[in-house]
Amino acid sequence: MSRFFISALALFASLLPAQEIHTLASGDDYLAFPAVIEVGDEVLVSFKRGKAHAADAGATQELLRLGKASGKVLATGTLAEVKGEIMQMGEWVRFGNGDVANYIDAQAAQGSLRTGLAVVRSNNGGKTFGPVQRAGVIDGVEYGYAFDSITRGQTTWMLVMTFANLTGGKLVHKTKSQPGSVDVIRSDDNGLTWRFVRSITNELGGAPINESAFMAHGDGFIVTARGYDNRGWLLRTDAEFKLIAKTDLNAENEVITSHIGRPRLFQRDGGFYLLGRNWIEKGLMQLALFKFDPQTLAITRHVVLDNAEKKPVADGYYAQPYWTENEGHTGFHVITYKSGAQKVPEIIRLEFDWEEVR
């Protein structure tokens, strides 16, 4: 299939579904980078509370508890706080024994240098969380940023990033945060110990990638990653994360002009989807959902979930979904953050009819 045909198909299929917008947290603070996990009849949302997008001394990792059916905020609190550090972004992991943990991108107060992956853990299904601990050195490497996880049975895989200023890290792209490779690590004991599996960066020939996500597909996996070079990737791998096929999303789709920011992958009702922040032109972002073919990795559908009107959005769109069922109706809910041209971001919930979106 030619690039022109794929691009034309994606543009033709671009939809503008009806949405409802619900504010979950707002105020004078800079609220950003939510991550979502379902625990029973609740949805836990972790997010950063600070004063700026980055270099945000004293920022904490906060927690919202939502009623899954109602979408209402049930409780709020601080999930992680470390004096003299920035608790920048958290990523949820659910282990085979039912424990849930939040792995946090911990950074030094005076810049973007990582201090080593931090973690808080719950042994009671998310009701309470223990103190901040460190993931530590894994096979000679200390990781600094977690992106995604998959648990099958008693095995959990996690996508994590190395940094040159941390133990075992080697510089991949020259920038002040000293980023290294994006790796897959694996635990077979519910996160007590981990081991290295494979470098996704190496599978891409050393491409300078950052924010990434993955999902299970057959006996293997599908991976997406965005690059510091403003390219976005979709990959299909085997069970050991060896590359089978890949596509450069920018080169193959005219509706993607830069990387898809903080991408997320999911499968629902037989479809495969990529969710994230899409730069449609310089300085202009939308929240977009892309349906794709897992065999060809071609985009087959493009849905604009927010900012179809192309208004200035200063920051936003790290997003994650969940679904609800009510009298045969499937609700599609997206937790994200968003700021207008001048105001600080808020944590919001976007609500759609899944049948209209899918």
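## The second largest pocket

In this predicted model, strands β6 and β16 each contribute at least two residues to the lining of the second largest pocket. That pocket has a volume of about 480 Å³. Its lining counts 22 residues, and those closest to the pocket centre are H53, A54, N210, R226 and Y228. Sorted by class, the lining holds seven nonpolar, nine polar and six charged residues.

Two of the residues just named are also worth viewing as a pair. R226 lies over the face of Y228, at 5.7 Å from the ring centre.

## The largest pocket

The largest pocket has a volume of about 680 Å³. It is lined by 22 residues, and D148, S149, L265, F266 and Q320 are the closest to its centre. Two or more lining residues come from each of β2 (30-39), β6 (85-94), β12 (145-152), β16, β20 and β25 (320-326). The class split here is 13 nonpolar, four polar and five charged residues.

## Strands β16, β17 and β18

Let's move on to the strands around β17. Strand β17 (residues 220-227) is mostly covered, with eight of its eight residues buried. On one side of the sequence comes β16 (residues 209-217), which runs antiparallel to β17 and is joined to it by seven bridges. One of the bridge partnerships puts H217 with G220 of β17. The two strands make a hairpin with two residues between them, and G218 in the turn has a positive phi of about 60°.

Strand β17 also pairs with β18 (residues 232-237), again in the antiparallel sense, over six bridges. Here F221 has T237 of β18 as its bridge partner. Four residues lie between β17 and β18 in this hairpin, where N230 in the turn has a positive phi of about 65°.

## Strands β20 and β21

Strand β20 (residues 260-268) is mostly covered as well: seven of its nine residues are buried. β20 pairs with β21 in the antiparallel sense over seven bridges, and R264 has L275 in β21 as its bridge partner. The hairpin formed by β20 and β21 has two residues between the strands, and D269 in the turn shows a positive phi of about 50°.

## Aromatic pairs

The structure holds 21 aromatic pairs. One of them joins Y103 and W194, an edge-to-face pair with 6.2 Å from centre to centre and 90° between the planes. Y103 sits in strand β7 (residues 100-108) and W194 in the loop between β14 (179-187) and β15 (195-199), so this pair links distant parts of the chain, 91 residues apart. Y103 counts as buried because its relative accessibility is 3%, and W194 is buried too, at a relative accessible area of 11%.

Another pair is made by Y273 and W354. Their ring centres are 5.3 Å apart and their planes stand at 65°, so the pair is edge-to-face; the cut-off for that label is over 60 degrees. This pair also links distant parts of the chain, with Y273 in strand β21 (residues 271-281) and W354 in helix α4 (residues 354-357), 81 residues apart. Both Y273 and W354 are buried.

Y273 and W354 belong to a cluster as well: ring pairs link F266, Y273, W323, F332, F352 and W354. F266 is a useful residue to look for, as F266 is also among the residues closest to the centre of the largest pocket.

Key:
Residues are numbered from 1 along each chain as its sequence is written. This is a predicted model: local features need pLDDT of at least 70, side-chain atom pairs count only at pLDDT 80 or more; totals for chains, interfaces and linings use all residues. Side-chain values use heavy atoms; hydrogens and water are left out. Rings of Phe, Tyr and Trp (its six-membered ring) pair if their centres lie within 6.5 Å; planes under 30 degrees apart count as stacked, over 60 as edge-to-face and the rest as tilted. Buried means under 20% relative accessible area, exposed over 50%, partly exposed in between (1.4 Å probe, protein chains only). A charge sits over a ring if NZ of Lys or CZ of Arg is within 6 Å of the ring centre and within 35 degrees of the ring normal. Two strands pair if DSSP finds at least two bridges between them. On a 1 Å grid over the protein atoms alone, a cavity is a set of points where a 1.4 Å probe fits but cannot get out, and a pocket is an open set with protein on both sides within 12 Å along at least five of seven lines; lining residues have an atom within 4 Å of a point. Grid points are joined across faces, edges and corners, and a volume is the space filled by probe spheres set on the points. Ala, Val, Leu, Ile, Met, Phe, Trp, Tyr, Cys and Pro count as nonpolar, Asp, Glu, Lys and Arg as charged, and the others, Gly among them, as polar.
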